[in-house]
Amino acid sequence: MPEVTYIEHNGTAHRVEVPIGTTIMRGAVDNNVPGIDADCGGECACATCHVYVDAAWLDKIGLPEPGSQEAAMLSFAAVAQPDSRLSCQIKMREELAGLVVRMPEGQH
Amino acid sequence: MDANVAFDPREDAYSKPLDQIDVSVPELYQNDIYQPYFERLRREDPVHFCEDSHFGPYWSVTRYKDIMAIAVNNQVFSSRWDLGGVRLEDQVHGYERPSFIQMDEPDHGERRKAVSPVVAPGNLARMEGLIRERTNMVLDGLPRGETFNWVKEVSIELTSRMLATLFDWPLEDRHRLMYWSDVTVCHVDTPDAPVHSEAERYAELQKMASAMKALWDERAASNAQRFDLISMMAHADATRNMDFRELLANCSLLIVGGNDTTRNSMSGGVWGFSKFPDEYRKLRENPDLVPSAVSEIVRWHTPVLHLRRTALEDFELGGKTIRKGDKVAMWFVSGNRDEDAIKDPHDLIVDRPRAREHISFGFGVHRCVGNRLAELQLRILWEEILNRDLEIEVMDKPKYLRSNLIHGIRELPVQIH
């Protein structure tokens, strides 16, 4: 099963197997990785599963469509950056095996 | 509808024709009898039209999923003050309050971003020590073995201090902020409301805005970096030029948002644990459950009963057609008790799986900006209650606010052992 590395804001890394088709958010929550809250349960209706996508993966993952619900929610996140995504909107697929994401200072 | 013992709300809720159900009646919340009406609506008519109410015709959205659908669809469901705003009770002509909660994009977002840094992670971390110090002081000063009002002595005491800090307002004058909070949220036809007409409400809020404007002018002229709401608005591009009316509106919004909801969750939690004492025992035995318990308390109490939207176009929901211009109430107090979304929703369960997925903070772009500050205050309160191993005995049921907007607890008599 492909793996994802989640790095907490304090630097602690968690390597987790995430099944194909499962969201990166769900991969963290189901494995008790701290730092992702996911208050809305994956509906793209809050911004509390916010991650920074590692530069090496940004091309494969891409950025949210301008004007999309995800872009709107991210624009209200406390510490958004150009590499920010909502992890509930990224589904695991083969080519993302080894993905690295970092968590922000807080999920707001 | 009075609260005498002969009146059975369940019987009433299930016997009257569906179209006669009107959940906007403030007495339902004052008398704590609203649940059976929503239970019936969720089962039989989850997207419900009430033709005739004190607040005019309106739709009620009662299920979790449907509320979510409305909340995230800000293209169709508007918050605009000039269309009536975010309460079932319309903004009254001449007294409208154009706060950012009552705006759509991009106006809402630009203004919201001016104030949101006050509750960003770094600022919260800075405030934690202060909140704990005050919480300790308040808890240590409580009487033992005599009945007192938890709302006044704890909930209001803590949240009014927090609010003064957020505005960098003189601490000794914090009761004035609480008064203006009550002025903002009240229904003016409530007999013991602090004001009795829209004109009187506006006049009181003008006094508030004048006081805020004086602080604003001082802080706008200073280049010192400050982290209070007034300084942030006075320096941000989107808000620095706002007129007096918008200043009044935003300050009254931030006063209410900055205290009222947390205040009532502080009281609601104590009431909740008195009904579910085994859950309090569970929490005492495992204080690591405090964050989860806090989310659960915020769900179980649901401090904001509803928020309203106005449809900008026709929209199909649950087999009904909401028409352009219709008022739509998202009843968070019902969505949080939706059996299809939440298992055993009427129970307060401190280790509930996915406790964070309640609907009390709303969803979508208008989601509560202060939610993490609210959680922080509640977490510290319960941590310190547990640190002292306080046993809080509730002596009588709460007295609730007459409101269809705020799930307010005015009195909660308790004794501490």
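The following exercises, with worked solutions, concern a predicted model of two chains, A and B.

**Exercise 1. The sheet of chain A**

Determine the strand order of the open sheet in chain A, its edge strands and the partner of A:H50.

*Solution.*
Step 1. The open sheet has 5 strands, and their order in chain A is β2-β1-β5-β3-β4, with mixed pairing.
Step 2. The edge strands of chain A are β2 (13-17) and β4 (84-86), each of which pairs on one side only. From one strand to the next, the twist averages 35°.
Step 3. At the β4 edge, strand β3 (residues 50-53) of chain A is joined to β4(A) by 3 bridges, and the two run antiparallel.
Step 4. Within this pairing, A:H50 has A:L86 of β4(A) as its bridge partner.

**Exercise 2. The sheet of chain B**

Establish the strand order in chain B, then trace the pairings of β5(B) on either hand.

*Solution.*
Step 1. Chain B holds an open sheet of 5 strands in the order β1-β2-β8-β5-β3, and its pairing is mixed.
Step 2. Its edge strands are β1 (47-50) and β3 (77-78) of chain B, pairing on one side only.
Step 3. Strand β5 (residues 306-311) of chain B is joined to β3(B) by 2 bridges, and these strands run antiparallel. The bridge partner of B:F77 is B:A311, and that of B:S78 is B:T310.
Step 4. Between β5(B) and β8(B) there are 5 bridges, again in the antiparallel sense. Here B:R308 stands opposite B:A329 in β8(B).

**Exercise 3. The surroundings of β5(B)**

Why is β5(B) described as largely enclosed by the rest of the structure? Assign the directions of its residues and identify the helix that lies across it.

*Solution.*
Step 1. Of the 6 residues of β5(B), 6 are buried, so the strand is largely enclosed by the rest of the structure.
Step 2. B:H306, B:R308 and B:T310 point one way from the strand, whereas B:L307, B:R309 and B:A311 point the other way; all are buried.
Step 3. Helix α4 (residues 64-72) of chain B lies across β5, and also across β1, β2 (58-61), β3 and β8 (327-331) of chain B. This helix runs at about 125° to β8(B).

**Exercise 4. The contact between the chains**

How many residues does each chain bring to the contact, and what is the class composition on the side of chain A?

*Solution.*
Step 1. Chain A contributes 16 residues and chain B contributes 19 residues.
Step 2. The side of chain A that touches chain B comprises 7 nonpolar, 5 polar and 4 charged residues.

Definitions and conventions. Residues are numbered from 1 along each chain as its sequence is written. Chains are lettered from A and ligands numbered from 1 in the order in which they are written. This is a predicted model: local features need pLDDT of at least 70, side-chain atom pairs count only at pLDDT 80 or more; totals for chains, interfaces and linings use all residues. Two residues are in contact if their C-beta atoms, placed from the backbone, lie within 7 Å. Ala, Val, Leu, Ile, Met, Phe, Trp, Tyr, Cys and Pro count as nonpolar, Asp, Glu, Lys and Arg as charged, and the others, Gly among them, as polar. Two strands pair if DSSP finds at least two bridges between them. Helices (H or I, at least four residues) and strands (E, at least two) are DSSP runs, numbered from the N terminus. Axes are lines fitted to C-alpha atoms, for helices over the stretch in contact, and angles run from 0 to 180 degrees between N-to-C directions. A residue is buried if 20 or more other C-beta atoms lie within 10 Å of its own, exposed if 12 or fewer, and partly exposed in between; C-beta atoms are placed from the backbone.
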